[in-house]
Structure formats: C-alpha cells, structure tokens
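Me: Can you walk me through this one? I'd like to start with the helices and then look at pockets.

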Amino acid sequence: QSYQGRPNFQPAQYFNSGGPGYVLNRPALRALAASLYKPECKPRLRDPREDVWVAHCLFHNGIEPQDTRDELGRERFHPFWPAHHLGYPAQHDPNDWYAQYSIGLKFGFECCSTHSIAFHYLKELDMHRVHALVYSCPGNELAASSRRSKDGTRT
C-alpha cells in the first residue's frame, strides 16, 4: 500500500500535505474508502485539514506516508508556487507553519527537485510555463541535469 506526497510533521503525526496533492495506490485507496465511516477515522469531524485526517485514517489502517523527496532531500510536492520556494528565507519566522512542519527544509535552488511532481496554487498556464522552464529551456541547469543519461553524460 502506498501513500505519497510532501512529508510534513505535526506534533505526534507525520502526514502528506494536501495542498500540492498526494498519491494513493489502489490498495491504499480501497483501505481508506472502507474505513471512512469507522469511528477511528472521525467521520463526523468538520475540519479543513483533510490532509491530516486522511493521514490519520490511513495510519489506523497500517498505511504510513512515504517520503518522496529526491536523493538530495529536495521536495517533489510543493505547497506553494515556485517563486515562493526559491525565495523562502533561510532566516525565517520560527512560528511560520511551513518551517515548523517541514522536514529537512532546503532553501534557494536546493528547495525543489528536478523531478518535481506538483506545485500548489498554480493555474493551468503557469503549469505549462513551469514545465517549459524546468524541462525545455536550453542552458537551464535544472533542465540540463534532468536530461542526463544514467552514466552522467548529457543527452
């Protein structure tokens, strides 16, 4: 069973952030659907933090979130648009929820994997622009690194 997304920590619980989305494979989705009305999944709870409660329900089914950061610890699922992540200050407000809930937060160009999957708050046209910048722009180091073959040479 698989539950993937951006790892977050909230006191006493790991969960995948709902903003950029998360991915459930078929067995995890079936387990979630079968459990939604069980008391441990709190079916009558009204709370805007669906990501926390989906994680809670999955946890009660023995399904824990998988860390989807790349081999360098960079995020693949992003709760903000790209410029926010690139400009997020290393000297940030210690009470900022993003800093508090993030695991191994990275800054600047180290924030984002060259194999990013999703950014929250992007409109359709912006999604196409980000894709073009990351994967198609000549001379872009992110694009170049994503086009390397397995032996490390550029393709």
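Me: How do the axes of α1 and α2 cross?
Reply: In this predicted model, the axes of helix α1 (residues 26-35) and helix α2 (residues 50-59) come within 9 Å and cross at roughly 95 degrees. Axes are lines fitted to C-alpha atoms, for helices over the stretch in contact, with angles from 0 to 180 degrees between N-to-C directions. That makes α1 roughly perpendicular to α2, a label used for 65 to 115 degrees. Helices here are DSSP runs (H or I, at least four residues) and strands are E runs of at least two, numbered from the N terminus.

Me: Which residues make the contact?
Reply: Ala28, Leu32 and Ser35 do it from α1, with Val54, Cys57 and Leu58 from α2. Contact means heavy atoms within 4.5 Å. Five of these residues are nonpolar, one is polar and none is charged. Nonpolar covers Ala, Val, Leu, Ile, Met, Phe, Trp, Tyr, Cys and Pro; charged is Asp, Glu, Lys and Arg; the others, Gly among them, count as polar.

Me: OK, pockets. What volume does the largest pocket have?
Reply: About 500 Å³. A pocket is an open set of points on a 1 Å grid over the protein atoms alone, where a 1.4 Å probe fits, with protein on both sides within 12 Å along at least five of seven lines; lining residues have an atom within 4 Å of a point. The volume is the space filled by probe spheres set on the points, which are joined across faces, edges and corners.

Me: Which residues are closest to its centre?
Reply: Of the 21 residues lining the largest pocket, those are Pro82, Phe119, Val130, His131 and Val134. Helix α5 gives the largest share of that lining, six residues.

Me: And where does the second largest pocket lie?
Reply: Domain 1 (3-61) and domain 2 (77-142) both give residues to its lining, so the second largest pocket lies between them. Those bounds come from an automatic or database domain assignment. Its volume is about 280 Å³, and Phe15, Ser17, Gly18, Asp51 and Trp97 lie nearest its centre. Its lining has eight nonpolar, six polar and three charged residues.

Me: Any small print?
Reply: Residues are numbered from 1 along each chain, and side-chain values use heavy atoms, without hydrogens or water. Local features need pLDDT of at least 70 and side-chain atom pairs 80 or more, while totals for chains, interfaces and linings use all residues.

How values were computed:
Parallel < 35°, antiparallel > 145°, perpendicular 65-115°, else oblique.
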